Amino acid sequence: MTILKLILTSLCICFFAANSFAKETSFNCKPKSAAAVRSNGIHVFKITGKEKPIEIIIKDGENQKSGFFIVNKSKYEILDLGTGKAYAFDRNEPWTLIQDIFFLDDKRLSFILSANASITRYICNEKK
């Protein structure tokens, strides 16, 4: 009887502990388009397809807390303003904004990374 109680208690602890962890999803992202404001006007960059991909992680929020968008070790808090698209901010890097975070019909992730005077749209595939 004691062994049965121990087994049931262990199963309950494992079940609740597994559900309390936030889900993390990793993506490989490549730029689709990019532009920057320069002293001589707006410069649009040519995307060749050979650009180095970036890796991001989306971590779901726990309980009532916001999720996070993690890019190169920077952690951006995800805010959904009820418009169908999400935004992400890092209070320590106010000059950087991640906007228009949404999933395309083919389940690819799309977002815009704005930093200083440049803006880049990324298209991402989930890492398996």
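The exercises below work through the fold and the salt bridges of one predicted chain.

Residues are numbered from 1 along each chain as its sequence is written. In this predicted model, local features need pLDDT of at least 70, side-chain atom pairs count only at pLDDT 80 or more, totals for chains, interfaces and linings use all residues, and side-chain values use heavy atoms, with hydrogens and water left out.

**Exercise 1.** State how many helices and strands the chain has, and their order.

Solution. Step 1: helices (H or I, at least four residues) and strands (E, at least two) are DSSP runs, numbered from the N terminus. Step 2: the chain has 1 helix and 9 strands. Step 3: from the N terminus, the order is α-β-β-β-β-β-β-β-β-β.

**Exercise 2.** Place the salt bridge of Arg91 and Glu77 in the chain.

Solution. Step 1: a salt bridge needs a side-chain nitrogen of Lys or Arg within 4 Å of a carboxyl oxygen of Asp or Glu. Step 2: the closest N and O atoms of Arg91 and Glu77 are 3.3 Å apart. Step 3: Arg91 sits in the loop between strand E6 (86–89) and strand E7 (96–103), and Glu77 in strand E5 (residues 74–80), so the pair ties together parts 14 residues apart in sequence.

**Exercise 3.** Decide whether Asp100 is buried or exposed, and find its salt-bridge partner.

Solution. Step 1: buried means under 20% relative accessible area, exposed over 50%, partly exposed in between (1.4 Å probe, protein chains only). Step 2: at 18%, Asp100 is buried. Step 3: the partner is Arg121, at 3.9 Å from N to O. Step 4: Arg121 lies in strand E9 (residues 118–126) and Asp100 in strand E7, 21 residues apart.
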